[in-house]
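Hi everyone, thanks for coming. Please bring up the sequence and the model on your screens, and I'll walk you through them.

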Amino acid sequence: MSNEKLKDDISWIKQMAEEGRNSSINGDMIGVWWGVISFITMLVHWGVVSANLPIAIKNVGFVWLVYIIVGCIGTFILVKSLKNKPGFDSINNKIAGSTWMLASAGIFTFYIGSIVATLNFSVPFWIFNAILPVAFICYGIAHGVAAILVSNRVSGFMSAISFVLALIMFPFLLSPTIYLIAAFAILFVGIMPAISQAMVKK
């Protein structure tokens, strides 16, 4: 390899490193969106299973179906609006976006597995409650990746608190209270990164 080629390669690597270090992560509003609708849906779920809402428990699945549809529509709209913002195509943003997509896929896989297990293999229905701590473990991983990418202390804190919240939920697997805990926990985890980002931009 010639010295000129080596210099070009080093220059390219340095440029990529600078781009990755300096680029921010967009998409905090997507986290806020999912945090808010998850908060509402989990409060409704808690109200149903604790008999505080006059909704038949058999309709809980329909509530979550509406949640998924509304959430995906909102995400599609938000992603389209973010495409025009600087840094949308940055390396950090692509990695963070892919991480959250895979985390969501992991949660959805657990959900589908729970349906199959309960309907076909007589697994107790409380397995659906286990989706909540699993989800927060996935949130912890996604926030942790974001923290490493941009050295963001808030994302690091959100990662740590997500793992702690997952541990807190396990003793409540057989109690409707787990949905009440998760409702306020996901609202906090969803909105805090956006608040932090807004303060940084001021």
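Let's begin in a loop: Ala51 sits in the one between helix 2 and helix 3. When I say helix, I mean a DSSP run of H or I with at least four residues, while a strand is a run of E with at least two, and both are numbered from the N terminus. Ala51 is not a glycine, yet its phi is positive, at about 65°. Is Ala51 buried or exposed? It counts as exposed, because its relative accessibility is 66%. The cut-offs here are under 20% relative accessible area for buried, over 50% for exposed, and partly exposed in between, with a 1.4 Å probe and protein chains only.

Before going on, a word on where this comes from. The model is predicted, so local features need pLDDT of at least 70 and side-chain atom pairs count only at pLDDT 80 or more, while totals for chains, interfaces and linings use all residues. Residues are numbered from 1 along each chain as its sequence is written, and side-chain values use heavy atoms, leaving out hydrogens and water.

Now the overall picture. The chain has seven helices and zero strands, so from the N terminus the elements read α-α-α-α-α-α-α. Of its 202 residues, 34% are buried. Contact means heavy atoms within 4.5 Å. Taking contacts between residues at least 6 apart in sequence, 72% join residues at least 24 apart.

Next, how do the helices pack? Two packed helices are described by the angle between their axes and the distance between the axes. The axes are lines fitted to C-alpha atoms, for helices over the stretch in contact, and the angles run from 0 to 180 degrees between N-to-C directions.

On either side of our opening loop, helix 2 (residues 28-49) and helix 3 (residues 60-82) have axes that come within 9 Å and cross at roughly 170°. That makes helix 2 roughly antiparallel to helix 3; the scheme is under 35 degrees for roughly parallel, over 145 for roughly antiparallel, 65 to 115 for roughly perpendicular, and oblique for the rest. Their contact has 18 nonpolar, six polar and no charged residues. In this count, Ala, Val, Leu, Ile, Met, Phe, Trp, Tyr, Cys and Pro are nonpolar, Asp, Glu, Lys and Arg are charged, and the others, Gly among them, are polar.

Let's move along to helix 4, residues 91-120. Its 30 residues reach 43 Å from first C-alpha to last, close to the 44 Å expected at 1.5 Å a residue; the expected span is 1.5 Å times one less than the number of residues. Among its buried residues are Asn92, Asn93, Ala96 and Thr99. Ala105 also belongs to helix 4, but it is partly exposed, with a relative accessible area of 38%. Ala105 and Cys138 are 33 residues apart in sequence, and their C-alpha atoms are 9.7 Å apart in space.

Helix 4 packs with helix 5 at an angle of about 170°, their axes 10 Å apart. The two are therefore roughly antiparallel to each other. Residues including Trp100, Ala103 and Ile107 in helix 4 meet residues including Cys138, Tyr139 and His143 in helix 5. By class, that contact has 16 nonpolar, four polar and no charged residues. In the loop between helix 4 and helix 5 lies Ser122, another residue that is not a glycine but has a positive phi, about 55°. Ser122 is exposed, with a relative accessible area of 69%.

Helix 5 deserves a closer look. At 1.5 Å a residue, its 20 residues should span 28 Å, and its end C-alpha atoms are 29 Å apart, which agrees. Just after helix 5, Ser151 takes a positive phi of about 50°.

Helix 5 (residues 131-150) also packs with helix 6 (residues 153-169), where the axes come within 7 Å and cross at roughly 165°. That makes helix 5 roughly antiparallel to helix 6. This contact divides into 13 nonpolar, seven polar and no charged residues.

Let me finish with His143, which is in helix 5. It counts as buried because its relative accessibility is 6%. Which residues does His143 contact, leaving aside neighbours within four places in sequence? They are Trp100, Ser155, Met158, Ser159, Ser162, Val189 and Pro193. Thanks for listening!
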